[in-house]
Amino acid sequence: MTSAGLRLRPLIVALVVLALSLALGVLVGAAGISPRGIALALLDRLPFVSLDSGLSPVEQNLLFQLRVPRVLLAAVVGGLLAIAGAGYQGVFRNPMADPYLLGAAAGAGLTVTMIVVFLGGDARLVPVAAFAGAVGGVFLAYALGNTAGRGGGTATLVLAGVAVTSFLTALQTFVQQLKVDELQRIYSWILGDVGGGWEQIWLIAPYAVVSSAVMLLHGRLLDVLSVGDEEATSLGLRAARARFIVLLAASLATASAVAVSGLIAFVGIVVPHVVRRLAGWSYRVVLPLSFVGGAAFLELADLVARTVLAPAELPIGVVTAFVGAPFFVVVLRLTKRVDT
Amino acid sequence: MKPECPVEVRALGVTLGGREVLADVALSAGAGEWLAIIGPNGAGKSTLLKAMLGLVPHEGEVLIGGAPVRDRAPRRRARLVAYAPQNPSLPADMTVYDYALLGRTPYIAYFGREGARDREVTGSVLERLDLAELASRPLGQLSGGERQRVVLARALAQEAPVLLLDEPTTALDLGHQQQVLELVDRLRLADGLTVVTTLHDLILAGQYADSLVLLSSGRAVASGPPKQVLTEALLVRHFGAQVRVEPGPDGRPLVHLIRPGDR
């Protein structure tokens with residue numbers, strides 16, 4: 001008999017891929033620190049282990065204050081974006097839904113632009129503003145969707161998201177034109193960056209844990225919702241409530257990711273799709289594997305972003321789109337035959 | 001197992017978007033009976049079933065097993081009434097087994113997962129409907145008749161004494177229509193299920209149901225055994241159809257379509 005549960009093998013494969021990409025991310029970098037020294041320095045940090053890595057204090061500092069937190073932040077942001085994408089796809093029963101569908105991106109874009117233009121862009125204010133903007137954008141879309149279509153149908157909600165996005169983007173463009181010399185700063189935030197350090201990891205950790213846990217706990221219920229609200233209700237599920245809880249969690253995950261990384265495209269759509277193609281349709285599989293896969297994907301994307309033009313850096317969003325789009329096409333083509 | 005669960009609807013009214021879809025509808029089906037709701041397109045047949053499930057806001061009262069459905073928690077209600085919609089959404093990649101297993105939802109806690117008994121019930125339902133061999137097949141690869149059986153399997157996995165089926169024969173050919181309805185009848189007799197179906201096909205309604213309710217423009221205009229409802233006068237008035245009705249070999253009415261001008 002088949003069953004929708006998460007099997008061990010795909011999970012192990014995904015975790016191994018993640019571990020390898022994290023290791024690669026820590027070992028490789030523009031500074032040219034010896035990988036052997038890095039490995040020893042990392043082991044030295046373990047309890048009861050004392051090794052001489054041979055790294056200079058500057059190298060140690062670079063490793064632990066810049067590279068390690070950057071690798072971890074990329075992984076957390078990638079995981080959050082991918083699981084949020086999977087969550088939205090379940091809520092809207094639409095495989096093309098993505099984390100920015102409901103105006104989170106436009107909301108964050110507006111608030112960050114305002115901080116840069118009006119307040120000189122205090123680095124500590126940017127994540128807070130992005131978080132507030134993302135939550136505000138989703139809230140606006142939700143409120144509009146609920147007043148327009150009674151009962152909160154998913155189609156009205158998506159349309160509301162489109163309306164809110166265009167409106168907030170227009171506002172954002174207006175604000176940014178007030179101070180054209182800040183354009184580059186605004187765009188570099190919009191295109192994404194995961195170099196925020198430990199401070200930003202701790203900033204979003206609680207939201208990341210709570211939102212991911214809530215989504216993971218709703219895997220089976222998203223499977224029930226996949227037959228539609230009426231049928232799910234006839235099966236005894238309070239469909240609207242379950243949908244709302246997942247929507248909230250996915251929006252919180254998106255807002256956390258946006259707060260520390262800007263707007264990184266493609267992760268939220270590509271990763272859940274690849275997972276579905278390789279490991280099955282059930283949200284009990286898609287949600288956890290999307291988190292792990294998204295973490296690995298964004299970590300590798302960041303590795304490319306900071307090495308390919310070293311010492312210059314590419315915005316990470318450029319890499320995800322550049323790698324993600326063709327990769328997506330390849331996966332779709334390769335697995336097409338299995339469908340029919 | 002004879003769960004003995006009668007269904008009664010009193011003074012049911014539904015208004016959707018300012019339009020009165022159903023008004024003052026009453027019906028009752030005794031435990032183990034088959035009641036068919038017939039009526040022309042747009043009469044409110046599907047809405048009536050949805051209102052009985054509480055899927056659309058309504059006035060009036062729906063009693064299942066003698067108690068108002070309104071007062072029951074959704075999971076409790078789902079253990080009493082199973083529903084198969086006219087156009088069920090069947091996620092193409094989901095397997096037959098996993099789909100049937102969804103019928104166990106009312107028995108699983110919010111954050112819980114399926115247990116051994118849920119798997120056992122689902123397995124035996126698939127066995128019973130000759131679907132065991134299709135268990136691991138994706139829903140997207142099923143034929144029309146198989147799809148109907150799979151939807152029925154999910155409803156049966158709910159182990160509810162009342163089955164509400166919205167046009168269970170839609171899009172099936174003659175042979176498959178007969179097979180599905182025979183299957184429903186067999187299950188009904190074996191388990192003592194109370195069955196309420198909408199059926200647009202009057203021949204089938206006359207052959208299978210114990211009693212009929214004729215809905216027209218949102219009102220129940222006739223009800224009773226098939227002989228009393230399937231009359232030429234009522235069918236001409238409410239369907240605008242030219243028909244001849246004559247008793248079949250078993251006494252149940254047979255409805256024939258007559259070309260205009262033949263009489």
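# A tour from Pro68(B) to the interface

Begin by selecting Pro68(B), which, once its neighbours within four places in sequence are left aside, is in contact with Glu61(B), Val62(B) and Leu63(B), where contact means heavy atoms within 4.5 Å. The model on your screen is predicted, so that local features need pLDDT of at least 70 and side-chain atom pairs count only at pLDDT 80 or more, whereas totals for chains, interfaces and linings use all residues. Residues are numbered from 1 along each chain as its sequence is written, chains are lettered from A and ligands numbered from 1 in the order in which they are written, and side-chain values use heavy atoms, with hydrogens and water left out.

Pro68(B) has its place in strand β5 of chain B; here helices (H or I, at least four residues) and strands (E, at least two) are DSSP runs, numbered from the N terminus. If you also select Gly103(B), you will find that Pro68(B) and Gly103(B) are 35 residues apart in sequence and 23 Å apart in space, C-alpha to C-alpha.

## The four-stranded sheet

Next, colour the four strands of chain B that form an open sheet in the order β2-β1-β4-β5, with antiparallel pairing; two strands pair if DSSP finds at least two bridges between them. The edge strands are β2 (19-29) and β5 (67-68) of chain B, each of which pairs on one side only. Strand β1 (residues 7-16) of chain B pairs with β2(B) in the antiparallel sense over seven bridges, and for Glu8(B) the bridge partner in β2(B) is Ser28(B).

Now add helix α1 (residues 45-53) of chain B, which lies across β1, β2 and β4 (59-64) of chain B and runs at about 110° to β1(B). For such angles, axes are lines fitted to C-alpha atoms, for helices over the stretch in contact, and the angles run from 0 to 180 degrees between N-to-C directions.

## The six-stranded sheet

Move on to a sheet of six strands in chain B, which is open, has the order β6-β7-β8-β3-β9-β10 and is mixed in its pairing. At its edges stand β6 (81-84) and β10 of chain B, each with a single partner strand, so one side of each is left without a neighbour in the sheet. From one strand to the next, the twist averages 15°.

At the β6 edge, four bridges join β6(B) to strand β7 (residues 162-166) of chain B, and these strands run parallel; the bridge partner of Ala82(B) in β7(B) is Leu163(B). Helix α6 (residues 174-191) of chain B packs on the sheet, touching β3 (34-38), β7 and β8 (194-198) of chain B, and its direction makes about 145° with that of β3(B).

At the other edge, select strand β9 (residues 211-216) and strand β10 (residues 219-224) of chain B, which run antiparallel and are joined by five bridges. Leu212(B) has Gly224(B) as its bridge partner in β10(B). These two strands form a hairpin with two residues between them, and Ser217(B) in the turn has a positive phi of about 50°. Helix α9 (residues 232-239) of chain B lies across β9 and β10 of chain B, running at about 30° to β9(B).

## Where chain A meets chain B

Finally, show both chains: the contact takes 29 residues from chain A and 36 residues from chain B. The area buried between chain A and chain B is about 2700 Å², of which carbon and sulfur atoms give 57%; buried area is the accessible area (1.4 Å probe) that two parts lose on being put together, summed over both. Select Arg220(A), Leu235(A) and Trp281(A), which supply 24% of the area that chain A buries against chain B, more than any other three residues.

Across this interface the rule finds three salt bridges, a salt bridge being a side-chain nitrogen of Lys or Arg within 4 Å of a carboxyl oxygen of Asp or Glu. In one salt bridge, the side chains of Arg284(A) and Glu114(B) meet (2.8 Å, N to O). Lys50(B) forms a salt bridge with Glu230(A), with the closest N and O atoms 3.4 Å apart. Lys50(B) lies in helix α1 of chain B and Glu230(A) in helix α10 of chain A, so the pair joins two chains.
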